[in-house]
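Dear colleague,

Please find the structure below. A short account of what was found in it follows.

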Amino acid sequence: MRVIAIAVVGTNNVIGDGHDQPFKFREDWDRFKAVTMGHPIIMGRHTQDAIGRYLPGRTTIVVSRDPEQVQLSTSDSAPSFAVGSIEMALEVAEALDDMCFVCGGGQVYRAAWDHLTELDLTEVPQTAEGSITFPDVADDEWRLLSREQRPEFAFTRRFPILTTDRLTLVPVGPLDLDDWARLYTAPDLPEVPIERHQAGIAANVEHWLSDGLGYWLVRDSLHDRPIGVGGVRRSKELPDGVWSLYYRFAPEAQGQGYAEEMARAGIGALQLIEREAELRASVRPENLASVAVATSLGLTLVDEHVDGAGRALQIFQGKVADLA
């Protein structure tokens with residue numbers, strides 16, 4: 001399940017004073033309504049009291065130390081639950097939908113922090129008075145992939161930067177154009193104009209925004225250098241619920257187990273947001289290293305055919321929940 005923190009944040013991270021939020025913009029409220037509509041929303045009791053009503057079209061899950069004292073909704077259009085912990089709130093949300101939004105306050109954001117898959121923040125270039133704050137967002141932990149600027153604020157979307165034993169996995173964005181182009185420039189590939197590279201990155205960003213996952217720029221953590229591109233993403237050519245595994249590493253990084261290490265991170269990320277999905281890898285049978293990676297991950301050979309270019313192709317696939 002995608003777990004998205006959504007908030008309006010000032011430059012000093014203040015989001016409220018315990019009774020109300022400091023920044024109110026009609027466009028922000030309209031957007032909040034549009035993106036959360038139909039999905040569960042999780043909030044603390046004080047936040048719910050500040051709103052003053054249960055929002056229609058969404059299921060509200062109130063987190064409280066004393067859930068029995070929470071007055072629940074009586075409206076069929078705005079169902080509600082009260083639970084004693086963020087973990088219980090996430091269990092309820094996952095039973096209802098594949099996406100939920102964490103809406104505050106400060107303690108609830110912090111309790112949910114390790115479960116978040118995305119940040120959806122309206123950033124206001126002003127400080128604000130108040131004691132309720134949003135957690136610090138570190139640039140080396142969250143990658144900004146989208147920023148829609150408005151005169152008084154900006155809508156932003158961020159996704160986590162992951163680390164493995166040897167790798168740092170950074171969601172690919174426009175700032176990675178040079179590294180992306182270099183990794184896709186090789187003797188085995190035709191020369192690609194820069195516009196094609198820009199379009200490839202734009203498509204990757206769209207995958208992150210719409211599906212919650214896409215390709216990473218893979219960095220060698222020890223030397224802090226980009227060595228590959230890869231990850232998992234939903235393919236428009238495949239049936240619903242099927243994701244594709246892909247990677248490409250620089251020649252000097254091949255044969256060192258980086259592909260499998262990255263692929264396992266991709267499987268772990270996909271297990272968090274869509275555990276019942278199927279994962280597929282398309283492999284040339286002569287690429288024995290990639291065949292070995294697919295089988296090591298637990299994928300099973302399900303098809304062999306000749307593609308449009310007349311080359312043999314093997315298809316490995318498996319249920320994400322069952323993979324290593």
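Strand 17 and strand 18 (residues 312-319) pair in the antiparallel sense over six bridges; strands are DSSP runs of E of at least two residues, helices are runs of H or I of at least four, and both are numbered from the N terminus. Two strands count as paired if DSSP finds at least two bridges between them. Asp303 has Ile315, in strand 18, as its bridge partner.

This is a predicted model, in which local features need pLDDT of at least 70 and side-chain atom pairs count only at pLDDT 80 or more, while totals for chains, interfaces and linings use all residues. Residues are numbered from 1 along each chain as its sequence is written, and side-chain values use heavy atoms, with hydrogens and water left out.

Strands 17 and 18 belong to an open sheet of eight strands with mixed pairing, in the order 11-12-13-14-15-16-18-17. Its edges are strand 11 (162-163) and strand 17 (300-306), each of which pairs on one side only.

Helix 6 (residues 194-211) lies across strands 12, 13, 14 and 15, at about 50° to strand 14; axes are lines fitted to C-alpha atoms, for helices over the stretch in contact (heavy atoms within 4.5 Å), and angles run from 0 to 180 degrees between N-to-C directions.

Trp216 lies in strand 13 and is buried, with a relative accessible area of 1% (buried means under 20%, exposed over 50%, partly exposed in between, with a 1.4 Å probe and protein chains only).

A second open sheet also has eight strands and mixed pairing, ordered 5-4-3-6-1-7-10-9.

Yours sincerely
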